[in-house]
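Colleague: Please take a close look at the interior of this predicted model, and set out what is buried there and what packs against it. I should like one connected account that I can follow with the structure open.

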Amino acid sequence: SQISSRSIKITWDPSPSDITGYKVDIIPMKADAKQFSMNVGPQTTAFNIKDLSADTEYQINVHAMKGLTSSEPVSIMEKTQPVKVRVGIDVKADIVLLVDGSYSIGIANFAKVKAFLEVLVKSFEISPEKVQISLVQYSRDPYTEFPLNRYNRIDDVIQAINTFPYRGGSTNTGKAMTYVREKVLIPSRGARPNVARVMILITDGKSSDAFKDPAIKLRNTNVEIFAVGIKDAVRSELEAIANTPAETHVYTVEDFDAFQKISFELTQSVCLQIEQELEVIKRKAHLPARNLEFSEVTSNSFKVTWSPAGENVLFYLIKYKEALGGEEVSVSVRAPVTNTVLSNLLPKTTYSVSVIAEYEDGDGPSLDGNETTLEVLGRPRDLTVSDATTSSLKLSWNSAPGKVQQYLVTYTPVIGGEPKEITVREDTTSTALTNLEPGTKYDLSVTALYASGAGENKSPSERNPKVANSN
């Protein structure tokens, strides 16, 4: 089995018997936790159980099913992994540190800002494949101290932070954010596609220019903005700049000596937000299956076919259930196969079907559709003739399967003559044929009539019963 904090993947040997599927019971070994069950198709011998609780032991039972009858289970005990709170170690992001270098900061406090930046960047693994950091200082004009793709080692980043100069000037925060959007977070300066993008603003005062529109434009390019305000910074201004919620995106300290109070909390919030953004990026990269089609529809099965999803798909999970209710059943198909037959279905029933592409690090969006099985068009069984007289006989049969509306009885003289027909009610399984010609053989048949048409007809084993001669 493969285990994470939220899932357990199990496998089992196929049943040697003729079965209709498997039932998987998931029983948490924790007080007040609810157990649940899942049904999978008869071809499935591996299944990834998702949405489990972290650090929890589960008993997992697998039953072979034949209709509603279940076998003795095969059982296993497994425990999900605990959630690991990671602070920066395993994230992939482009981070811009936008630092206020205006005159109000002062040289002594600017050194404390540098110390805070050093603590911040030490939380990240710096490399072209993990975290890239750019430092932009701004006052009247913004200035790139180093771009995203300048340094690949944490020691080099720290060295650059400790040595960049204090420039001084006014506080044009709006202009600086426009600069970050147009001149820093761009491919030619090292910005990468499909990674989280973060800007951390550190300022001690009120912006000297308009900042709301530049902040909105920056956030609209999928940049997550955090704001740190020191001393006289205006919190309402910081909240207008940063993303929501303010509780995790806006931090204020009373002076430059209080940075250490927020350093861990800020770093953790940044990392958690990066991880959430990476999940969104992953989901976008997890392409769904396409072009869902149904074919070979019968009264108890149909074939499901779809076009391939992304290149790295491992399995396709097909979930189906009666559209108006009923238990959900799952079938797992290993890529690159893009079809499966759903069997053991009910006749004349609409099923909701979802196909989900499963990747190593997540699932794609589901591809959904509906299909309706055909009505059973069967025939009566065990047709017999009895009680023959000179002008009549009795015809009996066992019921045809499905929702029969009527039975059509046809009788025709073998030597020639017009066929005659009578209909009887759906709950009737015998009828008397009267006014027959004495001494005449008849071809007899009974056909079940359904809403969608006629089923096969059935003739008696004695194909040409003869009416007795009159004396």
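Modeller: A residue is called buried here when its relative accessible area is under 20%, and exposed when that area is over 50%. The model is a predicted one, and every value below is computed from it.

By that cut-off, helix α2 has four named buried residues: Val-157, Ile-158, Ala-160 and Ile-161. Viewed along the helix axis, these residues fall within an arc of 160°, so they line one face of α2. The partners against which they pack are α1, β10 and β11 (142-146).

Helix α4 (residues 212-219) can be read in the same manner. Its buried residues are Pro-214, Ala-215 and Leu-218. Because they cover an arc of only 100° around the axis, they are placed on the same side of α4. The cover over them includes α3 (173-184), β12, β13 and α5 (235-241). Just beyond this helix, in the loop between α4 and β13, is Asn-222. Although Asn-222 is not a glycine, its phi is positive, at about 65°.

From the helices one may turn to the nonpolar core. The largest such core has 42 residues, and those with the most contacts inside it are Ile-95, Leu-97, Phe-124, Ile-200 and Ile-274. Two or more residues apiece come from β9 (93-100), α1 (107-121), β10 (131-138), α2 (154-163), β12 (196-203), β13 (223-230), β14 (250-253) and α7 (259-285). Helix α7 supplies the largest share, eight residues. A second core of 25 residues is separate, and Leu-98, Val-180, Val-184 and Ala-233 are among its members.

Ile-274 shows what the surroundings of one core residue look like. Leaving aside residues up to four places away in sequence, Ile-274 touches Val-91, Lys-92, Ala-93, Ile-95, Phe-124, Ala-196 and Val-198. Two of these neighbours, Ile-95 and Phe-124, are also listed with Ile-274 among the residues with the most contacts inside the core.

Aromatic rings form a further set of interior relationships. The whole structure contains nine aromatic pairs. In one of them, the ring centres of Phe-302 and Tyr-351 are 6.4 Å apart and the planes meet at 65°, so the arrangement is edge-to-face. This pair links distant parts of the chain, since Phe-302 is in strand β16 (residues 302-307) and Tyr-351 is in strand β20 (residues 350-359), 49 residues apart. Both partners are buried: Phe-302 has a relative accessibility of 0%, and Tyr-351 has a relative accessible area of 6%. Elsewhere, ring pairs join Phe-110, Phe-164 and Tyr-166 into a cluster.

A polar example of a buried residue is Thr-447, which lies in strand β27 (residues 442-450). Its relative accessible area is 9%, so Thr-447 counts as buried. Apart from residues up to four places away in sequence, the contacts of Thr-447 are Gln-406, Tyr-407, Leu-408, Ala-454, Gly-455, Glu-456 and Asn-457.

For contrast, consider Lys-348, in the loop between β19 and β20. With 53% relative accessibility, Lys-348 counts as exposed. Its phi is near 50°, a positive value in a residue other than glycine.

Two loops also contain cis peptide bonds. One joins Thr-244 and Pro-245, with omega about 0°; Pro-245 sits in the loop between α5 and α6 (246-249). The other runs from Ala-335 to Pro-336, with omega near 15°, and Pro-336 belongs to the loop between β18 (329-334) and β19 (339-342).

Finally, these details may be set against the whole chain. Its secondary structure comprises seven helices and 28 strands. The radius of gyration is 37 Å, well over the 23 Å that the globule rule gives for 471 residues, so the chain is more spread out than a compact globule. The C-alpha trace spans about 135 × 45 × 35 Å along its principal axes. Of the 471 residues, 46% are buried. Among contacts with a separation of 6 or more, 67% are between residues 24 or more positions apart. The accessible surface of the chain is about 24,000 Å², and carbon and sulfur atoms account for 47% of that area.

How values were computed
Residues are numbered from 1 along each chain as its sequence is written. This is a predicted model: local features need pLDDT of at least 70, side-chain atom pairs count only at pLDDT 80 or more; totals for chains, interfaces and linings use all residues. Side-chain values use heavy atoms; hydrogens and water are left out. A nonpolar core is a set of buried Ala, Val, Leu, Ile, Met, Phe, Trp, Tyr and Cys residues joined through side-chain atoms within 4.5 Å. Buried means under 20% relative accessible area, exposed over 50%, partly exposed in between (1.4 Å probe, protein chains only). Contact means heavy atoms within 4.5 Å. The arc is that of the directions from the helix axis to the C-beta atoms. The radius of gyration is taken over C-alpha atoms; the globule rule is 2.2 Å times the number of residues to the power 0.38. Accessible areas come from the Shrake-Rupley method with a 1.4 Å probe; for residues, only the protein chains shown count as cover. Rings of Phe, Tyr and Trp (its six-membered ring) pair if their centres lie within 6.5 Å; planes under 30 degrees apart count as stacked, over 60 as edge-to-face and the rest as tilted.
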